[in-house]
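User: Take a close look at one ring pair in this model and say how it is placed. Then carry on from there to the metal site and the empty space.

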Amino acid sequence: MKRYLWFAALVLLSVRGFGADLFDIKPMADGVYAALSKPVYKINCNAAIIILDDSVLVVDTHSKPSAARELIAEIKKLTDKPVRYVVNTHFHWDHYQGNQAYPSSWPAGVEIISSEMTRFNIEKRGIPRVKHEITTMPKEIEGLKAQLANATDEKQKAEIQSNLAQAEDYLSELKTMQFTLPTMTFDRSLIIRRKTRTVQILYLGRAHTDGDVFVYLPKEKILITGDSLHGWTPFMGDSYPYEWIQTLDTAEKLDFDQSLGGHGGVMRGKEKFELWKAYFGDLMEETAQVYADGATLEEAQKKVSAWLVAKYAGKFDPAFPQSVGANVVKAYQVVAQR
Ligand SMILES: [Zn+2]
């Protein structure tokens with residue numbers, strides 16, 4: 001029992017308290033870092049930290065202000081320069097909900113940059129989602145408490161306990177959230193030029209959402225891709241699959257050696273671009289075929305999922321077989337609307 005308590009305390013400390021550490025900071029080039037998010041109950045996206053001559057630019061702000069504050073503490077270990085620019089790659093909750101941490105840490109002036117559509121989506125869809133989640137989280141917390149009451153295994157109990165604590169913290173952060181919208185938007189590109197570094201902030205077309213932003217460092221040959229390309233199975237809920245293929249094609253033509261997505265590790269070369277384009281192409285083609293043959297949504301989901309798992313399971317993350325069904329549903333809706 002004593003050992004269990006010690007273990008539980010350790011788990012709690014590691015996620016909540018001192019030395020809480022949510023990110024692995026990995027250098028990509030001189031003054032350019034990937035902040036790779038570690039697995040937690042409410043996921044955080046990766047961030048990119050780009051140190052400029054006079055200031056710092058950060059890409060994406062995670063699912064909550066406390067996570068962004070933790071990254072800010074990491075940034076302060078790397079440099080004394082202030083964060084002046086924050087980029088939101090798109091409107092999804094796990095990429096922008098930490099925004100408020102930056103202007104509150106540097107009140108003298110932080111510009112939060114996004115595409116015009118991403119700002120629109122944060123305002124019209126992101127903020128209502130937070131308000132809705134405040135009403136659904138208590139039920140989720142009750143569910144975790146019930147799981148805890150039924151758990152028999154000590155290790156499992158400690159994990160649920162940790163998840164419960166994280167869920168409660170998350171809810172209290174949602175309740176006190178200061179909605180912080182992008183302060184600077186652009187249509188096609190916004191370029192920050194400094195003596196030693198140029199940062200291109202680009203909109204290359206619709207993809208994972210209708211407002212995805214890429215951040216490109218031409219000299220360092222680094223491309224930050226948000227959720228338009230990353231190490232996990234693509235989430236397609238708000239996507240434009242046919243255009244996504246085109247947008248990846250455009251992005252891939254840029255000259256880079258490394259890319260960093262919103263989730264997963266740093267990617268080398270362009271292999272992943274080829275994989276995602278092939279996957280979306282196959283997904284849409286197979287779904288269109290079974291749709292034309294008269295398959296219902298359920299039939300399409302079963303048939304196309306099985307086909308995709310056989311071809312792609314080893315090439316994506318281990319959750320691929322569970323995630324692929326939702327992609328087929330999206331594909332079916334898109335095909336049906338054509
Ligand atoms: Zn996303």
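Analyst: W244 and F280 are both buried. The model they belong to is predicted. A search of the whole structure gives 13 aromatic pairs. In the pair of W244 and F280, the ring centres lie 4.4 Å apart and the planes meet at 35°. The pair is classed as tilted because stacked planes must be under 30 degrees apart and edge-to-face planes over 60. W244 belongs to helix α7 and F280 to helix α8, residues 271-292, so the contact ties together parts 36 residues apart in sequence. Ring pairs also join W244 and F280 to W276, Y279, Y312, F316 and F320 in a cluster.

Helix α7 also leads to the metal site. D227, one of the residues that coordinate the zinc ion, sits in the loop between β11 (222-226) and α7 (241-252). The other donor residues are H90 and H208, each through NE2, and H92 through ND1, while D227 uses OD; the distances run from 2.2 to 2.3 Å. Along the sequence, the spacing of the donor residues is H-x1-H-x115-H-x18-D. H208 lies in the loop between β9 (198-203) and β10 (213-217), so that H208 and D227, 19 residues apart, link distant parts of the chain. H208 is buried because its relative accessible area is 1%, under the 20% limit. D227 is buried for a like reason, because its value is 5%.

The geometry of the site is irregular, with angles among the four donor atoms of 85 to 170°. The site does not count as tetrahedral because that class needs all angles between 85 and 135 degrees, and the range reaches 170°. For reference, ideal angles at a metal are 109.5 degrees for four tetrahedral donors.

Donor residues of the zinc ion reappear in the largest pocket, which holds about 440 Å³ of space. Its lining has 23 residues, and those closest to its centre are I43, H92, H208, D227 and F235. Helices α3 (93-96), α5 (116-150) and α10 (320-337) each contribute at least two residues to this lining. The largest share comes from α10, with four residues. By class, the lining has eight nonpolar, eight polar and seven charged residues.

The enclosed space comes next. Two cavities of 30 Å³ or more are present. The largest has a volume of about 50 Å³. Its lining is made of N46, A47, A48, V59, D60, T89, I224, G226, L260, G261 and G262. Strands β3 (47-51), β11 and β12 (258-261) supply at least two of these residues each. This lining divides into five nonpolar, five polar and one charged.

The second largest cavity contains about 30 Å³ of space. Around it are Y96, Q97, N99, Q100, M177, Q178, F179 and T180. Three of these residues are nonpolar, five are polar and none is charged.

In brief, the ring pair of W244 and F280 connects helices α7 and α8, and the loop between β11 and α7 carries D227, a donor residue of the zinc ion.

Key: Residues numbered from 1 in each chain as written. Predicted model: local features only at pLDDT ≥ 70, side-chain atom pairs only at ≥ 80, totals over all residues. Heavy atoms only, no water. Donors = N, O, S within 2.8 Å, 3.2 Å for Na, K, Ca; no water. Tetrahedral: all angles 85-135°; square planar, octahedral: opposite > 155°, others 65-115°. Buried < 20%, exposed > 50% of the residue type's maximum accessible area, 1.4 Å probe, protein only. 1 Å grid on protein atoms, 1.4 Å probe; cavity = no way out; pocket = protein on both sides within 12 Å on 5 of 7 lines; lining within 4 Å. Points joined across faces, edges and corners; volume = space filled by probe spheres on them. Nonpolar A, V, L, I, M, F, W, Y, C, P; charged D, E, K, R; others polar. Phe/Tyr/Trp six-rings, centres within 6.5 Å; stacked < 30°, edge-to-face > 60°.
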